[in-house]
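Let's take a friendly walk through a structure, one part at a time. Keep the 3D view open and turn it as you read.

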Amino acid sequence: MTRRLLSGDYPRSRMLATLLLLILAGLAFAPFAFPGTRSLDVAAKVCVFILLVASYDLLLGYTGIVSFAHTMFFGIGAYGIAIAATRLGPTWGSLVLGSLVALACSALLSLLIGMLSLRVKTIFFAMITLAVASFFAILASQLSGFTGGEDGLTYKLPQLLLPGTKLLEAPLFGVEINGRIVSYYIVFFTAAALFLALLRVVNSPFGRVLQAIRENDFRAEAIGYRSVIYRSVANCVAALAASAAGILYALWLRYAGPDTTLSFDIMIDILLMVVIGGMGTMYGAVVGATLFVIAQTYLQDLMKLASDAAAGIPLLPDLVHPDRWLLWLGILFILSVYRFPAGIVGKLRGRQ
Amino acid sequence: MSPEKDELPGAVLDKSPLALIPVIALVALPLIPSLPTWVTLTVAGLAMGMMIFIMASGLTLVFGLMDVMNFAHGAFITIGAFVATSVLLPLAGWTRADSLWMNLAAMLLAVLAAMAVTGAIGLAFERVIIKPVYGQHLKQILITMGGLIVAEQLILAIWGPDMIALPKPVTLRGSFIFGDIVIEKYRVLAVLVGLAVFAAMFLVLNRTRVGLLIRAGVEDSEMVESLGYRIRRVFIGVFAAGSALAGLGGVMWALYQETVTSAMGMHVMILIFIVIIIGGLGSVGGCFIGSLLVGLMANYVGFLAPKIALGSNILLMVLILLWRPQGLYPVAKR
């Protein structure tokens, strides 16, 4: 059972297995273990980003492609839901339609970009995706009649998912079972299922070919695998998974805007999560996304203490200022690329 | 694009990309309602192109020579702009004086300071960040992105998160007016500086011994090394010079926009990448033509249909890649 579920790719480290189980348990029982709006928001964001980062790892860690267009696909998913819910009203039908259109757009766009630029070098692809993604972000903020511009779109969801809807008369374990909890579990189970599907992909023969291409595309080609086709398909699968993450995020936030889905800052966040968690290991996405989102939310409180403690020393308070938390993660990122390219997961596995 | 067998081993100028600039200008002519507007837009486009060229040339040369694409180049642009604010704002007496020479002296000081700072940071950046990952593209992209994150955060820590206003010196404000044609004074300065940088670069690359080494290194660095030259040292110099040019471009761009933000470098980087891809990765001449094309396109389309200005540049890039998949002037070994 476990073997089938994990596609034979075990954590292979007692520490890592414990960590993953802790994260799983924490997310599965989040509404009961950590009641409160802020912590439920954090848990949902962790679920969404685990899926998003895992799909990016399929590209970066397994295939060796650097794409800066991942937030674009994330945004397409989110805007698909947002536009459908705004235009067609808050029904399940419009949500399904919005999701399907978004997924189709992502698949088409990713294939197009792939065919145009995956033949050439890594750097070329990275530069082209960066240009296209920034164009897309600007487009989304310019077409304000359609996308809500800089303000984004706020919309209603079907009755079942609204916080006002009570499902049970009495609270369960002291927590009121309302529409938010239903939304959370939709996000959690979809993200978990898609994560396991991605784990299946990277451990399939197809995934092995991707890793062969990453190691040496010339040899992979010589054995008879058309690397352009494999790369394009990987790009497409990753784009679809990213759109799915966008759809879940839009369902959770009931809002889609450039800052939450399309901005380059999110792309940088994804990069940090993949590299710190561990490239080329799907579990790295779990560890990286969880640590990062928690750090994003709670590290600032910690740094505020440090900043107050360092008051009076020149420059130091500025460096540990709560807004500078990304500085330290950036340094950690550089050290990870040099010192432990397989990230936290690689470090944990190496200890055994 | 294979060399003919009777061709002598000299640089043969491929002329067809050169024709693109007049072609774009002429295509725009009938679309724009009046001739003076067209002249104004053309000059504005050339000026913008020159500023982009100043910022992009260093990056493309570094890539051509050592196969390193520095994604943190935008941070050098931003640092240059912020250093300029630190120099120019205290010198307000000079920039507000109604004398062209005082204004230019203040600008010169700002440019020198910015170039010194970004050049020095470029040296350190090469040593600390890039040196360990030569030849590994994936790691290079990641590591320079990491450098970009850290640099942006340091900028925020030193200069603060607020936008800084940086007004142009008094005598460079306003425009020259010939009949209906309006040409901003600052754009004329930008064209002059851009031409000076291009001329200096052209002379250094084609008329000096160092330039010969650089060009040979772009073609085949192993061969140059086997002849006994330390190509690494040449490269470090080129990297520092490229960073200093980014600083110069940052000052020019900041005064043109009259505001400085920590995100400005990243915004320009997108145009720079488009320019480098259009020109052919590693080619300085291609970068020059690409910059002018992008500058012209941005101004014409910005006038005709402002909403799709950046989109038009992406379209230009796609069209050029369909015509020449490696860019206008492909560098042989890439």
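## Chain B as a whole

In this predicted model, buried residues make up 49% of the 334 residues in chain B. The chain is built from 13 helices and 4 strands. Its radius of gyration is 20 Å, close to the 20 Å that the globule rule gives for 334 residues, so chain B is as compact as a globular protein of that length.

To picture its outline, imagine a box of roughly 55 × 50 × 35 Å along the principal axes, filled by the C-alpha atoms of chain B. Now look at which residues meet inside the chain. Among contacts between residues at least 6 apart in sequence, 78% join residues at least 24 apart in chain B.

## Chain A as a whole

Chain A has 18 helices and 2 strands. Its radius of gyration is 21 Å, close to the 20 Å given by the globule rule for 352 residues, so chain A too is as compact as a globular protein of that length. Its C-alpha atoms fill a box of roughly 65 × 55 × 50 Å, again taken along the principal axes.

How much of chain A is buried? Of its 352 residues, 48% count as buried. For contacts in chain A between residues at least 6 apart in sequence, the part that joins residues at least 24 apart is 73%.

## Where the chains meet

Next, find the place where the two chains touch. The contact takes 28 residues from chain B and 32 residues from chain A. On the side of chain B, the elements that give two or more residues are α6 (137–159), α11 (264–279) and α13 (309–323). Which of them gives the largest share? That is α6(B), with 15 residues. By type, the residues on this side of chain B divide into 21 nonpolar, 5 polar and 2 charged.

Helix α6(B) is worth a look along its length. It has 23 residues and reaches 32 Å from its first C-alpha to its last, close to the 33 Å expected at 1.5 Å a residue. Right after α6(B) comes G160(B), whose phi is positive, near 85°.

## The nonpolar core

The largest nonpolar core has 230 residues. The residues with the most contacts inside this core are V48(A), I50(A), V53(A) and I272(B). Helix α2 (residues 35–66) of chain B gives the most to this core, with 19 residues.

Try zooming in on I272(B). Which residues does I272(B) contact, leaving aside its neighbours within four places in sequence? They are I52(B), M55(B), A56(B) and L59(B). Here is a helpful rule for reading helices: an α-helix has 3.6 residues a turn, so residues three or four places apart point the same way.

## A small hairpin

Strands β2 (residues 175–178) and β3 (residues 181–184) of chain B pair in the antiparallel sense over 4 bridges. Within the pair, I177(B) stands opposite V182(B) in β3(B). The hairpin has 2 residues between its strands, and G179(B) takes a positive phi near 60° there.

## Out in the open

Is helix α1 of chain B largely in the open or buried? Of its 12 residues, the number buried is 1, so α1(B) lies largely in the open. This helix covers residues 20–31 and reaches 17 Å from its first C-alpha to its last, close to the 16 Å expected at 1.5 Å a residue.

Another spot to visit is A305(B), in the loop between α12 (284–304) and α13 of chain B. It has 11 C-beta neighbours inside 10 Å, so A305(B) counts as exposed. A305(B) and M223(B) are 82 residues apart in sequence, and their C-alpha atoms are 50 Å apart in space.

## Two loop residues with positive phi

R254(A) is not a glycine, yet has a positive phi of about 55°. You will find R254(A) in the loop between α12 (227–253) and β2 (255–256) of chain A. With 19 C-beta neighbours inside 10 Å, R254(A) counts as partly exposed, because a residue needs 20 or more to be buried.

In chain B, E258(B) has a positive phi of about 65° although it is not a glycine. E258(B) sits in the loop between α10 (231–257) and β4 (259–260) of chain B. With 12 C-beta neighbours inside 10 Å, E258(B) counts as exposed.

Definitions and conventions:
Residues numbered from 1 in each chain as written. Chains lettered and ligands numbered in written order. Predicted model: local features only at pLDDT ≥ 70, side-chain atom pairs only at ≥ 80, totals over all residues. Contact = placed C-beta atoms within 7 Å. Nonpolar A, V, L, I, M, F, W, Y, C, P; charged D, E, K, R; others polar. Pairing = 2+ DSSP bridges. Core = buried A, V, L, I, M, F, W, Y, C linked by C-beta atoms within 7 Å. Rg over C-alpha atoms; globule rule 2.2 N^0.38 Å. Expected span 1.5 Å × (residues − 1).
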